[in-house]
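Here is a colleague's note for your review. Please have the coordinates open as you read.

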Amino acid sequence: MIEFMKKKIILPSIIILLLGLFFSFKLANQITAGAHIQDERKIILQTAMALIQEGHFSPKTIDDAFSLAVFEETIKNLDYDKKFFIASDYDRLKEVYGTKIDDELKNNQLDFFDDINELFVQRVDEAKDIYPEVLSKPFDFTIKEEVELDGDKLEFVSDKEALKERWRKNMKYRTLLKYMDLKEENEEKMRDSADYVAKTDIELEKEARETILKIQDRYFKRLQKLNDNDRFSLFVNSVLSIEDPHTGYMPPEDKKRFEEMMSGTFIGIGASLLQGDDGKITVGSIIVGSPSWKQGKLKEEDEILRVAQGEESPVD
């Protein structure tokens, strides 16, 4: 018995959870075709909670404090920059579910997830009409304004008009960064070539806005590709991270990618990419043994400006 307890202490909770969720998926896949997806989610959540409570060396108490922590973590994971929800959304959700998520977890209910999931989809759909309007007009960079980019320091805005103003400042900041890059590039070309026809500041500002518009379009396309199951995975991970920051939930596709990484089998060029607040894409790391690693030219912190396929022209 003592030997068993020693092994239990050193067994990583992530392994316990992955094994348990493997069997929970097998069970979920055996549910009859007529069963609602809600039942599958409840099985997954129930299995995850049981494993973390029974398999963890020192599980946390599932109480109101735990509930509030899960609530805040879910909000943060969905809307860290506070560009979708408004204060009334946050206040209503907190009043209704702030201290009730623990009860839902114990009773295997998903009322909080269903509510916040539906609201988030609605807010994203509304926000996709804000940024094109903002970026359709020139920005005046001579006006002194401030913008806060740290989501932890931001509060949810009071109404939808204030939300539009937050988007405006954010888009202006991103456009300014792109404008400065384009201006520097413009000046370099002027120095390098006497035949180069320099672009005016008005042209550069317009090009900067058009570039940020394309970046935002891609961002919203990615957001709208996320489905209910993706957001459910985010919710489960919010719960598990409060219990144990080293424990995570992996849906089938993520599990497949994880296994590829662990096995050393990769698809693609073999470079992890990072996107900064300014929209720039940089190389985060090069995977040893990958095509990028073998080719040797791509390095960490390189900025990806354009991509080309074969003989085709590079595109932004």
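The points below cover helices, charge pairs, surface patches and backbone angles.

1. **Status of the model.** This is a predicted model. Please read each point below with that in mind.

2. **Helix H7.** Start with the span. Helix H7 covers residues 111-127, which is 17 residues. From the first C-alpha to the last, H7 reaches 24 Å. That is close to the 24 Å expected at 1.5 Å a residue. Which residues of H7 are buried? They are Phe112, Phe113, Asp115, Ile116, Asn117, Leu119, Phe120, Arg123, Val124 and Ala127. Charged residues are on that list, including Asp115 and Arg123.

3. **Salt-bridge count and network.** The count comes to 17 salt bridges. Side chains of opposite charge can pair when their charged atoms come close. One group is a network of salt bridges that links Asp89, Arg123, Glu126 and Lys160. Arg123 is also one of the buried residues of H7.

4. **Arg168 with Glu145.** These two side chains form a salt bridge, and their closest N and O atoms are 2.4 Å apart. Arg168 lies in helix H9 (residues 160-192), whereas Glu145 is in the loop between helix H8 (130-134) and H9, so the bridge ties together parts 23 residues apart in sequence. Arg168 is partly exposed, at 22% relative accessible area. Glu145 also counts as partly exposed, at 34%. Check a second pair at this loop. The C-alpha atoms of Glu145 and Tyr173 are separated by 9.5 Å, with their positions 28 residues apart along the chain.

5. **Lys164 with Glu161.** Here the salt bridge has its closest N and O atoms 3.8 Å apart. Salt bridges are counted within 4 Å, so this pair qualifies. How many residues apart are Lys164 and Glu161 in helix H9? They are three residues apart, about one turn of the helix. Lys164 is partly exposed, with 36% relative accessibility. Glu161 is exposed, with a relative accessible area of 56%.

6. **Lys183 with Asp201.** The side chains of Lys183 and Asp201 meet in a salt bridge at 2.9 Å, N to O. This pair links distant parts of the chain: Lys183 sits in helix H9 and Asp201 in helix H10, 18 residues apart. Lys183 is partly exposed at 29% relative accessibility. Asp201 is partly exposed too, with a relative accessible area of 41%.

7. **Negative patch.** Which residues gather in a patch of negative charge on the surface? The members are Glu184, Glu187, Glu188 and Asp192. Asp192 belongs to helix H9. Its relative accessible area is 68%, so Asp192 is exposed.

8. **Positive patch.** Lys214, Arg218, Lys221, Arg222 and Lys225 form a positive patch on the surface. Lys214 is in helix H10, which runs over residues 201-225. Lys214 is exposed, at 52% relative accessible area. The cut-off for exposed is over 50%, so Lys214 passes.

9. **Asp81 and Lys153.** Asp81 is placed in the loop between helix H4 (64-78) and helix H5 (87-97). At 28% relative accessibility, Asp81 is partly exposed. In sequence, Asp81 and Lys153 are 72 residues apart. In space, their C-alpha atoms are 9.5 Å apart.

10. **Positive phi at Asn108.** Most residues other than glycine have a negative phi. Asn108 is not a glycine, yet its phi is positive, at about 55°. Where is Asn108 placed? Asn108 is in the loop between helix H6 (101-107) and H7. Is Asn108 buried or exposed? Asn108 is buried, with a relative accessible area of 16%.

11. **Positive phi at Glu301.** Glu301 also has a positive phi, about 75°, although it is not a glycine. Glu301 lies in the loop between helix H13 (291-295) and strand S3 (303-304). Glu301 is exposed, at 70% relative accessibility. Please look at both backbone sites: Asn108, which is buried, and Glu301, which is exposed.

Definitions and conventions: Residues numbered from 1 in each chain as written. Predicted model: local features only at pLDDT ≥ 70, side-chain atom pairs only at ≥ 80, totals over all residues. Heavy atoms only, no water. Patch = residues over 30% accessible without salt bridge, like charges linked within 9 Å, V, L, I, M, F, W, Y side chains within 5 Å. Areas by Shrake-Rupley, 256 points an atom, 1.4 Å probe, with all protein chains shown as cover. Lys, Arg positive; Asp, Glu negative; His and termini not counted. Charge placed at Lys NZ, Arg CZ, Asp CG, Glu CD. Helix = DSSP H or I, 4+ residues; strand = E, 2+ residues; numbered from the N terminus. Buried < 20%, exposed > 50% of the residue type's maximum accessible area, 1.4 Å probe, protein only. Expected span 1.5 Å × (residues − 1).
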